[in-house]
Amino acid sequence: EDDFQFICCEGCHHKSPNLKLLTCLHTLCLSCLSKNKPVGQCPMCQTAIPQTSGMHNVLFTNLQARLEVYKKIIDGVNLFCDNCKKVGEFWCSKCKEILCTKCFKAHQRYLKSHETKSVMDIRAGSAKDFLEGTRRAVNLFCSNSTHGGQTVSIYCKKCEKALCCSCALLDSHHATFCDIRSETQRRQEELSTMNELLKRKRSGFEATYAALQDEAARLEEAQRETRELIQQRVEQLVRLIRQEEEELLGLVEARQEQGRRELARELQGVEGVLRRMEAGERLVEKMRLYATDQEVMDMQPFIKGSLEELEQLQPLPAGNRAQPGDLAECRARLQAL
């Protein structure tokens, strides 16, 4: 359960068949998105999210379905053959069916190429072993209905589409082919390379975040010291200058509130970027470990676009950051008292 918490909604931490991957690379269910206030912001990192952006997170949704099958096999409750309803003893990852011993023998006679494992072997293994087996069993199929569900094995670099052999032979517009496995591997490697670049860039944002936190602490300390000094001096004066005390305190609050708002805004922005980078790192890692070829083909362009957007971001230079409020006027008036 702990190893696969990442497939849940990052907002409510519940499993959902309707998970949406946002451009900030956080994954949320439709329920959390509908509760999001203000609308148009990611509740995890406060990044602006256009209403039409995002895509269905097919990786996490499919992992949920595959893990439900694994849990059913492990628990052994109501584990019956999908054909004759006898006690299930085998699992075919290709057909996605549970088979009894009799149906298994018939299955092996006619479908020898299918990878079938016994229920006992699955229980002896881990969830990751089961997912790896089902991952290998998933094939890409041609989207052309006239081709009878042929397996996709070719990628056209010109039109950037996966093709079956019939598509590649019959349509003369295609050119510069490569193996679909090579293309999915290239896309995985491209995501991994971008992820490594973002890891190196992340240190700059972490340094900025730490500097902003230190600056916020110094701002609070300066406010506290100034408040104490004002109160000590004002208490020594007669009632006739109590009004001056209130004016001085108000001036300090105004200056410090301005600086605090600026720092809070910058801290929120940098924290949002760091969360997006963390989400990207997790997603790319899970794609590398668990994504099928279909999932890579569907999701890689979208994830790549989001990672490219992150690459364009730069931490604010020290000179452009918000500065604490100026207390010089306050100190001058205090000295005059």
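Select Cys330 to start: this residue is buried, with a relative accessible area of 2% (buried means under 20% relative accessible area, exposed over 50%, partly exposed in between, with a 1.4 Å probe and protein chains only). The model is a predicted one, in which local features need pLDDT of at least 70 and side-chain atom pairs count only at pLDDT 80 or more, while totals for chains, interfaces and linings use all residues. Residues are numbered from 1 along each chain as its sequence is written, and side-chain values use heavy atoms, with hydrogens and water left out.

**Around Cys330**

Cys330 lies in helix H10, residues 328-336. Helices (H or I, at least four residues) and strands (E, at least two) are DSSP runs, numbered from the N terminus. Now show what touches Cys330, where contact means heavy atoms within 4.5 Å. With neighbours within four places in sequence left aside, Cys330 is in contact with Thr226, Ile230, Leu248, Leu251 and Val252. Pick Ile230 from that list: its C-alpha is 9.1 Å from that of Cys330, and the two are 100 residues apart in sequence.

**H8 and H10**

Next, select helix H8, residues 242-290, together with H10. Two packed helices are described by the angle between their axes and the distance between the axes. Here the axes are 9 Å apart and the angle is about 165°. Axes are lines fitted to C-alpha atoms, for helices over the stretch in contact, and angles run from 0 to 180 degrees between N-to-C directions. H8 is therefore roughly antiparallel to H10 (under 35 degrees counts as roughly parallel, over 145 as roughly antiparallel, 65 to 115 as roughly perpendicular and the rest as oblique). Their crossing is left-handed, a term for a near helix turned anticlockwise from the far one by less than a right angle, with right-handed used if clockwise.

Show side chains on both helices. On H8 the contact residues are Glu244, Glu247, Leu248, Leu251, Val252 and Arg255, and on H10 they are Glu329, Cys330, Arg333 and Leu334. This contact divides into 5 nonpolar, no polar and 5 charged residues. Ala, Val, Leu, Ile, Met, Phe, Trp, Tyr, Cys and Pro count as nonpolar, Asp, Glu, Lys and Arg as charged, and the others, Gly among them, as polar.

**H2 and H8**

Keep H8 selected and add helix H2, residues 58-75. The axes of H2 and H8 come within 11 Å and cross at roughly 50°, which makes H2 oblique to H8. H2 passes H8 in a left-handed crossing. Leu59, Phe60, Leu63 and Arg66 of H2 make the contact with Leu283, Lys286, Met287 and Tyr290 of H8. By class, the residues of this contact are 6 nonpolar, no polar and 2 charged.

**H7 and H9**

Move to helix H7 (residues 180-235) and helix H9 (residues 293-312), whose axes come within 10 Å and cross at roughly 25°. The two helices are therefore roughly parallel to each other. H7 passes H9 in a left-handed crossing. Among the H7 residues to show are Ile180, Arg187, Leu191, Met194 and Lys201; those they meet in H9 as a group include Asp293, Val296, Pro301, Leu307 and Gln312. The whole contact of H7 with H9 divides into 11 nonpolar, 4 polar and 9 charged residues.

While on H9, select Glu309, which has its place in this helix. Glu309 is partly exposed, with a relative accessible area of 39%. Add Cys24: the C-alpha atoms of Glu309 and Cys24 are separated by 9.1 Å, although the residues are 285 apart along the chain.

**Two backbone stops**

Most residues other than glycine have a negative phi, and most peptide bonds are trans. Select His13, which is not a glycine but has a positive phi of about 65°. His13 is in the segment before strand E1 (19-21), and at 54% relative accessibility it counts as exposed. Then go to Gln46, where phi is also positive, near 60°. Gln46 sits in the loop between helix H1 (30-35) and strand E3 (55-56). Gln46 is partly exposed, with a relative accessible area of 31%.

**The whole chain**

Finally, select everything. The secondary structure comes to 10 helices and 9 strands. Of the 337 residues, 40% count as buried. Among contacts with a separation of 6 or more, 63% involve residues 24 or more positions apart. The protein exposes about 18,900 Å², and carbon and sulfur atoms supply 51% of that area, computed by the Shrake-Rupley method with a 1.4 Å probe, where for residues only the protein chains shown count as cover.
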